[in-house]
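Please open the structure in your viewer and keep the selection tool at hand. The tour below goes from stop to stop, saying at each one what to select and what can be found there.

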Amino acid sequence: MQYSVVDATDRGHARSDDRSIAGAGIGLRHCHLEQVLRERPPVPWLELLADNHLAAGGLEHAGLEAISVRYPLTLHCVGMNLAGCDPLDHKYLRQIIQLRERTGAAWVSDHLCFTAHNRRHYHELLPFPYTEEALRHVSERVLAVQDLLQAPLVVENVSAYLRFADSSLSEAEFLAALTHATDCELLLDLNNLYVNHVNHGDDVDAYLAALPLARVREVHLAGHAVKPGYLLDAHNDRVSPPVWALFRRLVQALPEVPVLIEWDNDIPALPVLLAEAERARTERATALAARTSAAGVAADGRTQTAESVSPC
Ligand SMILES: [Fe+2]
């Protein structure tokens, strides 16, 4: 499939390659900041919700400085409005860049969505039609953001509760074309993928086959709420069994991909988050051991199938 979009091959941004981000991290929430500083739990990395830390000064500023000394960090944003039609907010982007400089964050991510229109911020990750026109529009905005960041942007798939009849591309095809056009990288949220699978019947196999997995820089795992007739991407619970199954399946293709536990509502005590991160570590180890064992059996000439996990 050919896409008539700008080519990013001459942009020259170095690929995100911070080896300090590895293993299973957690999203650092404000209520845990002091405890993390005090107890220094052995979590390999933390992700900051950048939009919550843009104000200069204060105790929190000092706390973030201390966190950034002790832990490798990434920045996760919700305000770039990548698919929006308002001009890019350069004041906001400068604040993100300054926060990245202050914290030494390895990379910056945001979502494939729009969040504002006519200067009104909706505080929601809103979907848009996946068309060639939208692809050109989002590509130009991602390229502009990357020029300011002087680094690849990491773009995340979102959960959505409607689909557009005007879409001519699947979400995975759109993301694949976006990476081709801009050299951006991907944050694959497996809970979002699963929620869309249940709510819209998205084919997970087709999705993963269409996605350029080599561009996946990070994986998110989160919980969802089961509602009558649909799933709500509530980020308010432990990771569900089908999403763990998807994770085991993904790490067979991406054995070292960094993974993060996201929990945004009904935030539990810190040990619960750390236990979820530890489970991610053991789920990865289990999946890779199964892969190795399957390869060994296959090498013996006997019939063996590697773990084939249905996401549902
Ligand atoms: Fe996410």
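What follows is a walk through a predicted model, beginning with the whole chain and then moving to single elements and residues.

**The whole chain**

Begin with the entire protein chain selected and coloured by secondary structure, which comes to nine helices and twelve strands. Of its 312 residues, 39% count as buried. If you look at contacts between residues with a separation of 6 or more, 79% of them join residues that are 24 or more positions apart.

**Leu-48 in strand β2**

Next, select residues 46-49, which form strand β2, and pick out Leu-48 within this strand. Is Leu-48 buried or exposed? Leu-48 counts as buried, because it has 25 C-beta neighbours inside 10 Å, where 20 or more are needed. Now add the residues that Leu-48 touches, leaving aside those up to four places away in sequence: they are Leu-28, His-53, Leu-73, Leu-75, His-76 and Thr-103. You can also draw a distance from Leu-48 to His-30, which lies 18 residues from Leu-48 along the chain, and the two C-alpha atoms should be separated by 9.3 Å.

**Helices α4 and α5**

Move on to residues 132-149, helix α4, together with residues 171-182, helix α5, whose axes come within 10 Å and cross at roughly 45°. That angle makes α4 oblique to α5, and the crossing in which α4 passes α5 is right-handed. To see where the helices meet, show Leu-135, Val-138, Ser-139, Val-142, Leu-143 and Gln-146 from α4, and then Phe-174, Ala-177, Leu-178, Ala-181 and Thr-182 from α5. By class, the residues of this contact are eight nonpolar, three polar and no charged.

**Leu-186 in strand β8**

Now select Leu-186, which is found in strand β8 and, with 25 C-beta neighbours inside 10 Å, counts as buried. Leaving out residues up to four places away in sequence, Leu-186 touches Val-154, Val-155, Leu-175, Thr-179, Arg-215, Val-216 and Arg-217. Glu-218 is also worth selecting here, as its C-alpha is 6.9 Å from that of Leu-186 although the two residues are 32 apart in sequence.

**Helix α6 and its surroundings**

Continue to residues 190-200, helix α6, where eight of the eleven residues are buried, so the helix is largely enclosed by the rest of the structure. The buried residues in α6 are Leu-190, Asn-191, Asn-192, Leu-193, Tyr-194, Val-195, Asn-196 and Asn-199. Which elements do the buried residues of α6 pack against? Select β8 (185-189), α7 (204-210), β9 (216-221), β11 (230-232) and α8 (241-253) to see them. Just after α6, stop at Gly-201, which takes a positive phi of about 75°.

Keep α6 and α8 in view, for these two helices pack at an angle of about 120° with their axes 9 Å apart. This makes α6 oblique to α8, and α6 passes α8 in a right-handed crossing. Leu-190, Asn-191, Leu-193 and Tyr-194 in α6 meet Pro-242, Val-243, Leu-246, Phe-247 and Leu-250 in α8, a contact with eight nonpolar, one polar and no charged residues.

**The largest nonpolar core**

For the last stop, select Val-142, Val-155, Leu-178, Leu-190, Leu-221 and Phe-247, which touch the most other members among the 74 residues in the largest nonpolar core. Around Leu-190, again not counting residues up to four places away in sequence, you can show its contacts with Val-219, His-220, Leu-221, Val-243, Leu-246, Phe-247 and Leu-250.

Definitions and conventions: Residues are numbered from 1 along each chain as its sequence is written. This is a predicted model: local features need pLDDT of at least 70, side-chain atom pairs count only at pLDDT 80 or more; totals for chains, interfaces and linings use all residues. Axes are lines fitted to C-alpha atoms, for helices over the stretch in contact, and angles run from 0 to 180 degrees between N-to-C directions. Helices (H or I, at least four residues) and strands (E, at least two) are DSSP runs, numbered from the N terminus. Angles under 35 degrees count as roughly parallel, over 145 as roughly antiparallel, 65 to 115 as roughly perpendicular and the rest as oblique. A crossing is left-handed if the near helix is turned anticlockwise from the far one by less than a right angle, and right-handed if clockwise. Two residues are in contact if their C-beta atoms, placed from the backbone, lie within 7 Å. Ala, Val, Leu, Ile, Met, Phe, Trp, Tyr, Cys and Pro count as nonpolar, Asp, Glu, Lys and Arg as charged, and the others, Gly among them, as polar. A nonpolar core is a set of buried Ala, Val, Leu, Ile, Met, Phe, Trp, Tyr and Cys residues joined through C-beta atoms within 7 Å. A residue is buried if 20 or more other C-beta atoms lie within 10 Å of its own, exposed if 12 or fewer, and partly exposed in between; C-beta atoms are placed from the backbone.
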